[in-house]
Amino acid sequence: MNGAQIETDIAAEWISALNEPDLSRLLPYCHPDLIVHAPTPPDNVVEGLDKIGLLVASYRTAFPDGQFALQSSYREGELVCCRWTARGVNSGPFLDFPATNRDVVARGTCRFRTVEGLVAEHWFDVSQYDLIEQLMGLLPEPGHAFPLSEAINREALTAWIEALSGGARAFEVVFSPDLVVHSQCFDLRFVEQGRESLEKVLGYVQAMVSDIHVSIRDEAGQGRTSTYRGLLTGRFAHAANPSILAFYCMCRSESDRVVELWVRIGGRPYGMD
Amino acid sequence: MAWTESLLPYTIEEFITAGEAERIVSLIEHYKRANPDRLTAGVTQKTVHVSDTMSLEELVAMYEPNGRIEITAEDLPSEVIAIVERAYFTHIEDIRRAYPSAAWPYGFAYVEYGPGQYFTPHADGITTAQCAGFGVALSDDFRGGEFLIETCGSNRMWVAGGDGMSRLAPGADVSSEWFRKLPRTEWAMSPRRGVAVFYGSALVHSSRPVTAGRLRKILGFVSKG
């Protein structure tokens with residue numbers, strides 16, 4: 001076995017070792033000062049075997065039964081390169097997305113810079129666009145927010161309606177501290193940052209209308225934005241009968257919080273001639 | 001608001017489906033049969049155009065000198081508004097990609113042009129409430145009627161505001177001699193049924209006369225904030 005053969009075998013051993021539940025088979029090939037370049041944020045450059053262990057574990061959590069297979073490898077100077085394919089079921093969270101339980105096939109490349117037969121630097125590249133598209137579709141179909149966004153946006157809507165109706169103000173759970181609020185409620189029109197702006201809208205609306213009840217009649221959305229349309233019934237001060245008003249709420253979320261909320265109350269009620 | 005936003009033309013293809021376009025036309029035809037005396041632009045004492053200095057009759061005569069059918073938001077069947085609003089919210093991130101300050105759609109109207117009818121060049125004007133307008137094409141069975149964006153790099157379109165910001169010059173319509181004489185470049189388009197054409201509120205737009213058939217579309221505006 002010549003030197004080139006030995007070093008390209010590192011690629012085969014490395015890819016095979018990724019199929020183990022821990023680093024036990026990788027460690028014998030790792031240089032003590034190993035640096036790993038990975039496409040997964042927030043750390044695209046990972047140093048230290050403990051952090052590299054966490055990186056591998058995050059993939060293993062997302063794809064517990066994932067199996068890597070070497071496609072080809074070659075060596076040029078101190079660099080060894082290979083192509084690989086991995087198959088598995090996404091049964092754990094991946095990036096910011098919950099498990100989809102979908103079968104996926106990932107394709108990527110690895111490059112290794114070797115020092116004295118050990119891997120001193122490693123570049124791990126995977127087609128994330130292709131992977132995420134398999135998992136949930138990178139661009140959702142029109143009318144559908146990302147599944148995760150839909151759930152969070154609906155929670156935000158529920159919290160907002162609950163507060164508007166005089167109930168609990170459970171804003172911290174779903175709204176980002178940096179929430180941007182856009183208000184077009186009657187004559188209260190502003191764009192402000194901060195969850196406290198929700199209180200400003202609540203105070204204004206509840207001072208004008210009492211006995212508030214909101215019913216949602218329709219929802220639509222795209223990407224990470226969901227819009228809910230419905231009716232708000234309530235009683236204006238000095239009014240003999242309850243009024244029916246248009247109610248609109250639009251939420252945009254990032255990660256696990258709503259970061260932007262548009263609220264609009266007033267005008268011609270939705271769906272009424 | 002960034003000026004680039006107010007000067008941006010944009011399209012969203014398949015904004016509404018063919019079925020939705022047919023449904024809107026069906027609802028409009030039903031309305032037209034039930035309200036034959038409320039169809040001519042201005043007859044209901046309402047129009048999508050706004051002016052502090054002109055009467056409604058003057059506005060209609062200036063913008064649509066050969067007339068058009070116009071059904072404003074107050075009279076539009078609510079299902080028409082529901083369909084267009086839903087299409088808007090279904091494309092909200094596509095819209096905000098071009099107009100980041102876009103919030104709600106409002107001010108819907110149905111307009112219909114027959115042979116010889118068109119509308120004259122104007123810019124809607126930048127306000128604190130509006131960042132763009134849009135038209136949704138409902139029909140393909142007509143000729144002529146091209147929608148025109150008329151771009152103009154002249155400083156004459158702008159004046160300095162008291163706060164140091166530029167403002168669109170007053171009278172950006174054919175009532176002003178300076179505007180009629182201002183050289184502009186026409187960008188002509190014939191959007192197919194279902195396409196929404198957006199135009200920033202500082203963009204001059206107009207149309208060529210319809211030569212055959214009837215051009216039908218829904219107009220709307222995009223509020224900002």
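## Two chains in a predicted model

B:Glu14 makes a good starting point: with a relative accessible area of 67%, over the 50% cut-off, this residue is exposed. The model is predicted, so please read what follows in that light. B:Glu14 is not a glycine, yet its phi is positive, at about 55 degrees. Its place is in the loop between strand 1 (9-12) and helix 2 (18-34) of chain B.

### Chain B

Let us widen the view from that loop to the chain around it. Chain B contains 6 helices and 14 strands. Its radius of gyration is 17 Å, close to the 17 Å that the globule rule gives for 225 residues, so chain B is as compact as a globular protein of that length. Contacts in chain B between residues at least 6 apart in sequence join residues at least 24 apart in 84% of cases.

Among the strands, four of chain B make up an open sheet with the order 4-12-7-10 and antiparallel pairing. Its edges are strand 4 (122-123) and strand 10 (185-189) of chain B, each of which pairs on one side only. Within this order, strand 7 (residues 147-151) and strand 12 (residues 204-207) of chain B pair in the antiparallel sense over 4 bridges. For a landmark on screen, look at B:Phe147, whose bridge partner in strand 12 of chain B is B:Ser207. As a reminder, strands of a sheet pair through backbone hydrogen bonds, either parallel or antiparallel.

### Chain A

Chain A has 5 helices and 12 strands. What radius of gyration does chain A have, and what would a compact globule of 273 residues have? The globule would be near 19 Å, but chain A has 26 Å. The box filled by its C-alpha atoms, taken along the principal axes, is roughly 95 × 35 × 25 Å. Of the contacts in chain A with a separation of 6 or more, 52% are between residues 24 or more positions apart.

The table sets out some values for the two chains.

| Property | Chain A | Chain B |
|---|---|---|
| C-alpha box | Chain A: roughly 95 × 35 × 25 Å | Chain B: roughly 50 × 35 × 30 Å |
| Buried residues | Chain A: 47% of 273 residues | Chain B: 55% of 225 residues |
| Accessible surface | Chain A: about 13200 Å² | Chain B: about 9700 Å² |
| Carbon and sulfur part of that surface | Chain A: 52% | Chain B: 53% |

### Strands 3, 4 and 5 of chain A

Strand 3 (residues 67-76) and strand 4 (residues 79-89) of chain A pair in the antiparallel sense over 9 bridges. In this pairing A:Tyr74 stands opposite A:Cys81 of strand 4. The two strands form a hairpin with 2 residues between them, and A:Gly77 in the turn has a positive phi of about 60 degrees. Strand 4 of chain A also pairs with strand 5 (residues 103-115) of chain A, again in the antiparallel sense and over 11 bridges. Here A:Val80 stands opposite A:Phe112 of strand 5.

The loop between strand 4 and strand 5 of chain A holds A:Asn101. The phi of A:Asn101 is near 60 degrees, a positive value in a residue other than glycine. Is A:Asn101 buried or exposed? Its relative accessibility is 55%, so A:Asn101 counts as exposed.

Ahead of strand 3 of chain A, in the loop that follows helix 2 (49-62), comes A:Asp65. A:Asp65 counts as partly exposed because its relative accessibility is 42%. Leaving aside neighbours within four places in sequence, A:Asp65 is in contact with A:Arg60, A:Arg87, A:Gly88 and A:Val89. The C-alpha atom of A:Asp65 is separated by 23 Å from that of A:His122, a residue 57 places away along the chain.

### Helix 5 of chain A

Helix 5 of chain A covers residues 196-208, and at 1.5 Å a residue its 13 residues should span 18 Å; the end C-alpha atoms are 19 Å apart, which agrees. Which residues of this helix are buried? They are A:Ser197, A:Leu198, A:Val201, A:Leu202 and A:Val205. Seen down the axis of helix 5, these buried residues fall within an arc of 140 degrees, so they line one face of the helix. An α-helix has 3.6 residues a turn, so residues three or four places apart point the same way. On the other side of helix 5 of chain A, A:Glu196 and A:Ala207 are exposed.

Key: Residues numbered from 1 in each chain as written. Chains lettered and ligands numbered in written order. Predicted model: local features only at pLDDT ≥ 70, side-chain atom pairs only at ≥ 80, totals over all residues. Heavy atoms only, no water. Pairing = 2+ DSSP bridges. Expected span 1.5 Å × (residues − 1). Buried < 20%, exposed > 50% of the residue type's maximum accessible area, 1.4 Å probe, protein only. Arc of directions from axis to C-beta. Rg over C-alpha atoms; globule rule 2.2 N^0.38 Å. Contact = heavy atoms within 4.5 Å. Areas by Shrake-Rupley, 256 points an atom, 1.4 Å probe, with all protein chains shown as cover.
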